[in-house]
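I opened the notebook to look up a few helices, loops and strands in turn. These entries record what I looked up and what I found.

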Amino acid sequence: MTDVPFGVLLSGGLDSSLVASVVSRHLAEAKVARQWGNQLHTFCIGLKGSPDLKAAKEVADYLGTVHHELHFTVQEGIDALEEVIYHIETYDVTTIRASTPMFLMSRKIKSLGVKMVLSGEGSDEIFGGYLYFHKAPNKKELHEETCRKIKALHLYDCLRANKATSAWGLEARVPFLDKSFINVAMDLDPECKMIRRDLGRIEKWVLRNAFDDEEKPYLPKHILYRQKEQFSDGVGYSWIDGLKDHANAHVSDSMMTNASFVYPDNTPTTKEAYYYRTVFEKFYPKVQKPQRAFNLVVIFRR
């Protein structure tokens with residue numbers, strides 16, 4: 001449902017690849033195809049040689065999309081950090097790491113005239129796709145953890161997807177977080193989301209199995225069963241190393257020693273976290289509540 005040029009953010013992982021695959025199938029039959037063409041546009045960003053770029057290119061070739069491979073350097077990412085933190089309004093380390101490439105990609109996408117993009121956020125929270133879900137002791141605790149993750153999406157992944165794109169006037173839509181889809185997915189027996197090596201079930205097995213169509217495959221098998229890759233890792237492993245080196249150059253050991261005095265609330269525990277916090281506080285300083293002066297009036301009665 002759109003009357004503007006659109007595309008799909010394609011990292012080459014399971015979630016974004018499934019979104020691209022489903023959209024490309026429906027696009028040929030939709031009215032919008034007559035307006036924008038029946039070839040889907042897909043976008044991916046990363047450092048040259050990154051895992052995401054390679055996987056996304058393979059998926060794009062398989063689906064026959066018009067693929068846009070965008071590159072950035074570690075220095076370009078570092079140069080954009082202050083602007084990123086200003087727009088996403090958080091000092092969370094993981095969110096900033098992932099938001100920066102997305103922020104740079106959104107700028108380039110908007111310059112191409114695209115107004116809306118579809119993204120794969122929410123799937124890992126709904127289906128227990130993170131690797132630590134391997135340690136889920138039972139289906140009850142797994143379900144409770146997925147509920148907790150979904151309720152916190154506005155603080156992390158959805159905050160990133162929303163604010164990193166809207167900073168450039170680009171609209172991001174998240175099909176996995178459609179309310180009717182969430183209702184169906186969360187009504188499933190959590191047992192089918194459990195990771196069972198003895199049964200050959202990896203993380204998000206129920207989702208992978210649902211799209212494992214032998215007659216008309218949605219995706220190549222090795223993409224459909226690709227292991228979870230954090231976005232900030234997938235864009236290139238030297239990205240995080242570059243951020244740490246940059247933070248180490250700006251934050252001294254003595255600053256870390258006094259971190260609890262400077263930032264008593266949510267005290268940063270690493271130099272990278274301290275650096276992000278200083279940038280955040282520059283734009284959003286903590287306002288100290290002025291102390292009110294009370295005049296004591298004593299009324300004497302005779």
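Before judging any helix I fixed the term: I call a residue buried when its relative accessible area is under 20%, and exposed when that area is over 50%. I also kept in mind that this is a predicted model.

Entry on helix H1. I looked up how much of H1 is covered and found that it is mostly so, with eleven of its 14 residues buried. The buried residues include Leu14, Leu18, Val19, Val23 and Leu27, and polar ones such as Asp15 and Ser16 are also on the list. I then checked the length of H1 (residues 14-27): at 1.5 Å a residue its 14 residues should span 20 Å, and the end C-alpha atoms are 20 Å apart, so the two values agree.

Entry on Arg226. I located Arg226 in the loop between helix H12 (221-224) and helix H13 (231-234). Is Arg226 buried or exposed? Its relative accessible area is 17%, and because the cut-off for buried is under 20%, I entered Arg226 as buried. Its side chain reaches the backbone oxygen of Gly12 at 3.0 Å. Leaving aside neighbours within four places in sequence, I listed the contacts of Arg226 as Ser11, Gly12, Gly13, Pro51, Asp52, Ala55 and Arg208.

Entry on two positive phi values. I noted Lys204, a residue other than glycine, with a positive phi near 60°, and placed Lys204 in the loop between helix H10 (179-187) and helix H11 (205-210). Asn266, also not a glycine, has a positive phi near 50°, and Asn266 sits in the loop between helix H16 (259-262) and helix H17 (271-283). I then looked up accessibility for both: Lys204 is buried at a relative accessible area of 3%, whereas Asn266, at 58%, counts as exposed.

Entry on the sheet. In what order do the five strands of the open sheet run? I read the order as E3-E2-E1-E4-E5, with parallel pairing. Strand E3 (66-71) and strand E5 (171-173) stand at the edges with a single partner strand each, so one side of each is left without a neighbour in the sheet. Neighbouring strands are turned by 30° against each other on average, direction ignored.

I followed the edge at E3 further: strand E2 (residues 41-46) pairs with E3 in the parallel sense over six bridges, and Phe43 stands opposite His68 in E3. Helix H3 (residues 51-63) packs on the sheet and touches E2 and E3, its direction making about 170° with that of E3.

How values were computed:
Residues numbered from 1 in each chain as written. Predicted model: local features only at pLDDT ≥ 70, side-chain atom pairs only at ≥ 80, totals over all residues. Heavy atoms only, no water. Helix = DSSP H or I, 4+ residues; strand = E, 2+ residues; numbered from the N terminus. Expected span 1.5 Å × (residues − 1). Buried < 20%, exposed > 50% of the residue type's maximum accessible area, 1.4 Å probe, protein only. Polar contact = N/O pair within 3.5 Å; in protein donor to acceptor, adjacent residues only side chain to side chain. Contact = heavy atoms within 4.5 Å. Pairing = 2+ DSSP bridges. Axes fitted to C-alpha atoms, helices over the stretch in contact; angles between N-to-C directions.
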